[in-house]
Amino acid sequence: MTWIKICGITNLDDALAASDAGANALGFVFYPKSPRQITMEAACLIAAKVPQQIEKVGVFVNETMEHVRDAAKQVGLTTVQLSGDESVEFSRTLFQELANGSKRPAIFRTWPAKVFDAPAGQSVGWDPVAAGLVEPDEAYKGKRVHKIHVAKNGDLFLETHGFRPGVISGVLLDSSSAEKRGGTGHTFDWERVQPWAGIINSISKLIVAGGLRPDNVQEAIHLLHPWGVDVSTGVEREPGKKDPLKVRAFIQAVRAMEETN
């Protein structure tokens, strides 16, 4: 079943509408520059009143370790989504910081899809080790192999040996940039990214975001076969306010796609 996250939740009515429609997760944006920003206090109130099985994802952009840790604990986040310029070292330290709770939240990392938009025959500026998806296993020191490259025909080759899962368990691809973090409402070139989708899915959870709507999410799923989808702008009435009909239509479109596969 495709994981569905309704992001940019700012009020209880929208949260309940999303959960009633069948969403798996709600996204709380703690980025001060976002029109969908929510305070920790408001997120706590909403999280306490939605069904327990609904996952709570906190979205952070270049925040301090302490702020992310405190929000995760107070709101009861099940996932921390890092959407800024956080380093893999930040993610590793955060992973340890989050271990003090009864259940450690997962860490997802947002990556602009344009990173993978390289011409055939050229490498891209991304690799799973630097991204924190896999870690070198010291037991294989001197015997590790890790190589990803793009052939001229567009096929991808991943050769990896002697690695173990890293601290990042999900990769969220969207159309954001350093100038505009998420919520652009624009799609990226799914076909250009398609060769990389299988690579990401083989070592992590691929979540597709950026410009998804009820009328195009099925195409995105068909091309990229993601573990999950993430929508905000595409189901809004206005920034920070959801349209319950669009939310339900989006979720129904995803579930209908599953029935045909």
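**Core contacts, salt bridges and a pocket in a predicted model**

Leaving aside neighbours within four places in sequence, Ile6 is in contact with Ala18, Ala23, Ala25, Leu26, Gly27, Val231, Val235, Lys242 and Val247. A second, separate core of 7 residues includes Trp3, Ala25, Phe108 and Leu172. The largest nonpolar core, by comparison, holds 64 residues, of which Ile6, Phe28, Val80, Leu94, Leu173, Leu212 and Phe250 touch the most other members. In soluble globular proteins, nonpolar side chains tend to be buried together. The structure described here is a predicted model.

The chain as a whole contains 7 helices and 14 strands. Of its 261 residues, 50% are buried. Among contacts with a separation of 6 or more, 64% are accounted for by residues 24 or more positions apart. One pair of residues illustrates how distant positions can be compared: Ser34 and Pro239 are 205 residues apart along the chain, and their C-alpha atoms are separated by 9.3 Å. Ser34 is found in the loop between S2 and H2. Because its relative accessible area is 15%, below the 20% limit, Ser34 counts as buried.

Charged side chains were examined next. The count of salt bridges comes to 10. In one of these, Lys5 pairs with Asp230, and the closest N and O atoms are 2.7 Å apart. This pair links distant parts of the chain, with Lys5 in strand S1 (residues 3-6) and Asp230 in strand S12 (residues 228-231), 225 residues apart. Both Lys5 and Asp230 are buried.

A further salt bridge joins the side chains of Arg36 and Glu236, with an N to O distance of 2.7 Å. Arg36 lies in the loop between strand S2 (25-29) and helix H2 (40-49), whereas Glu236 belongs to strand S13 (residues 236-238), so the pair ties together parts that are 200 residues apart in sequence. Arg36 counts as buried because its relative accessibility is 8%, and Glu236 counts as buried because its relative accessibility is 7%; in each case the value falls under the 20% cut-off. Arg36 and Glu236 are also linked with Lys242 in a network of salt bridges. Lys242 is, in addition, one of the residues in contact with Ile6.

A salt bridge is likewise formed by Arg109 and Glu86, whose closest N and O atoms are 3.8 Å apart. Here too the pair links distant parts of the chain: Arg109 is in strand S5 (residues 106-112), and Glu86 is in the loop between strand S4 (79-82) and helix H4 (88-97), 23 residues apart. Both Arg109 and Glu86 are buried.

Attention then turned to empty space in the model. Rolling a probe the size of a water molecule over the atoms shows where empty space is left. The second largest pocket has a volume of about 420 Å³. It is lined by 21 residues, and those closest to its centre are Ala72, Gly76, Leu77, Lys103 and Pro105. Strand S3 (55-60) and helix H3 (65-75) each supply at least two residues of this lining. The most is given by H3, with 4 residues. In chemical character, the lining of the second largest pocket divides into 7 nonpolar, 7 polar and 7 charged residues.

How values were computed: Residues numbered from 1 in each chain as written. Predicted model: local features only at pLDDT ≥ 70, side-chain atom pairs only at ≥ 80, totals over all residues. Heavy atoms only, no water. 1 Å grid on protein atoms, 1.4 Å probe; cavity = no way out; pocket = protein on both sides within 12 Å on 5 of 7 lines; lining within 4 Å. Points joined across faces, edges and corners; volume = space filled by probe spheres on them. Nonpolar A, V, L, I, M, F, W, Y, C, P; charged D, E, K, R; others polar. Salt bridge = Lys/Arg side-chain N within 4 Å of Asp/Glu carboxyl O. Buried < 20%, exposed > 50% of the residue type's maximum accessible area, 1.4 Å probe, protein only. Core = buried A, V, L, I, M, F, W, Y, C linked by side-chain atoms within 4.5 Å. Contact = heavy atoms within 4.5 Å.
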